[in-house]
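Notebook open, structure loaded. I wanted to look up charge pairs, cysteines and greasy surface.

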Amino acid sequence: MMIIDWTHFTPWSALAGGMVIGIATAILLLLAGRIAGISGIVGGLFKLSRGDMGWRLAFVSGLILAPFIWRLFHDLPPIQIDTSYAALALAGLIVGLGTRYGSGCTSGHGVCGLSRLSPRSIVATLVFMTTGAITVYLIRHLLS
């Protein structure tokens, strides 16, 4: 049975965060003609093409600096990881393989691709959301 923790349910901050992500991806698309897919942006940093290195570095720097800027005004939420480093490494490897086979990550397909009604992104998003739900069910209910 699923129970919602109403004391920690924060729909307004989630809505605000979603709006900021949507606005940022729209700005990147409108001003630079680029899709805000994190795997593609970071992957492009390892290619030796200097023409678009600046915006990629700025984007990734913003991702890294955002928590530090947030900390100037608010406390960061506590981080609690209830698994081993081996399980985290395995999960990261599986996500990386899925990103590679799916030709993009959740941000590229799930945020940008869906907003463009890309058929490939719709399929990719359905696959990774279904896979995630099945994985959670298996780990929490069958393997615990």
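Salt bridges came up as two in my count, working from a predicted model. I looked at D52 and R34 to begin with: their side chains meet in a salt bridge at 3.7 Å, N to O. D52 sits in the loop between α2 (38-45) and α3 (53-71) and R34 in the loop between α1 and α2, so this pair ties together parts 18 residues apart in sequence. I then checked D52 against R56 and found a salt bridge there too, at 3.0 Å, N to O. Shared partners join R34, D52 and R56 into one network.

Next I asked how covered these residues are. D52 counts as buried at 11% relative accessibility, and R56 is buried as well, at 10%. R34 comes out partly exposed, at 31%.

Cysteines next. I searched the whole structure for disulfides and got zero. C105 is in none, and its nearest cysteine sulfur, that of C112, is 8.4 Å away. Why no bond for C112? I noted that its sulfur is too far from the closest cysteine sulfur, the one in C105, at 8.4 Å; the cut-off is 2.5 Å. C105 is buried, with 11% relative accessible area, and C112 is buried at 7%.

Last entry, the surface. I found a nonpolar patch of about 870 Å², made by W12, L15, M19, I23, I27, L30 and L31. I picked L31 for a closer look: it lies in helix α1, residues 11-32. L31 is exposed, with a relative accessible area of 73%, and I noted that exposed means over 50%.

Note on methods:
Residues numbered from 1 in each chain as written. Predicted model: local features only at pLDDT ≥ 70, side-chain atom pairs only at ≥ 80, totals over all residues. Heavy atoms only, no water. Patch = residues over 30% accessible without salt bridge, like charges linked within 9 Å, V, L, I, M, F, W, Y side chains within 5 Å. Areas by Shrake-Rupley, 256 points an atom, 1.4 Å probe, with all protein chains shown as cover. Salt bridge = Lys/Arg side-chain N within 4 Å of Asp/Glu carboxyl O. Helix = DSSP H or I, 4+ residues; strand = E, 2+ residues; numbered from the N terminus. Buried < 20%, exposed > 50% of the residue type's maximum accessible area, 1.4 Å probe, protein only.
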